[in-house]
Amino acid sequence: MEYLHNEKTEQNLSLHDCRADRMELKDGVLSFRFPEGFWVSGDHPENPTGKTVRTDAARVDYVLRDAKGTDVSADVFTRLKYSFDLRRSYNLSAFMGIINRQGWELEFLYQYPDYWNRIIECVLCLPKKPYWKECQLKLDVSEVIYRWNSLSPDEEW
């Protein structure tokens, strides 16, 4: 799919509380599909509303430094008791299967970019109990591209 906006800067863009329902790895690019878009701040030059609003359906591409994605990991935390969590680590292929085949969604909370590394705090949203599980993605990326077409001015932050 072609997009009107393909931004390599994250300034004035946010994935906070946005849900991806599909992941894909192709030619070294890890893509997340956001059917309800992501946030564009009022300071963005393409946002005439002056308010933070959502885009239409969008995609975010993480260009991986290792094209096979072997340096991508996902840790999913399951609450066992009040103060005990079980951490299960997944490779990229297994984690993509959770999202794509089981129909779970990945809600992005916070991103912590470093020079090449990126840690993404997120939540797996499930259709039945326990309804959500905390997770953390670790990516080794050379670039991130935010792709979208238009704004949805009625969907304010």
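**Exercise 1.** In this predicted model, determine whether Arg59 counts as buried or partly exposed, and which residue forms a salt bridge with Arg59.

*Solution.* Begin with accessibility: Arg59 has a relative accessibility of 22%, and because buried means under 20% and exposed over 50%, Arg59 counts as partly exposed. Next, take the partner, which is Asp61, the closest N and O atoms of the two residues being 2.8 Å apart. Finally, apply the cut-off to this partner: Asp61 has a relative accessible area of 2% and is therefore buried.

**Exercise 2.** Find which parts of the chain are tied together by the salt bridge of Glu107 and Arg19, and state which network includes these residues.

*Solution.* First, the contact itself is a meeting of the side chains of Glu107 and Arg19 at 3.0 Å, N to O. Then place the two residues: Glu107 lies in strand 11 (residues 105-113) and Arg19 in strand 3 (residues 18-20), so the pair ties together parts that are 88 residues apart in sequence. As for accessibility, Glu107 counts as buried at 14%, whereas Arg19, at 38%, counts as partly exposed. Lastly, salt bridges with shared partners join Arg19, Glu105 and Glu107 into one network.

**Exercise 3.** Locate Glu10 and Arg118 in the chain and describe the salt bridge in which their side chains meet.

*Solution.* The structure holds 10 salt bridges, and in one of them the side chains of Glu10 and Arg118 meet at 2.9 Å, N to O. This pair links distant parts of the chain, 108 residues apart, with Glu10 in the loop between strand 1 (5-7) and strand 2 (13-14) and Arg118 in strand 12 (residues 117-125). To finish, Glu10 is partly exposed, with a relative accessible area of 27%, while Arg118 counts as buried at 6% relative accessibility.

How values were computed. Residues numbered from 1 in each chain as written. Predicted model: local features only at pLDDT ≥ 70, side-chain atom pairs only at ≥ 80, totals over all residues. Heavy atoms only, no water. Salt bridge = Lys/Arg side-chain N within 4 Å of Asp/Glu carboxyl O. Helix = DSSP H or I, 4+ residues; strand = E, 2+ residues; numbered from the N terminus. Buried < 20%, exposed > 50% of the residue type's maximum accessible area, 1.4 Å probe, protein only.
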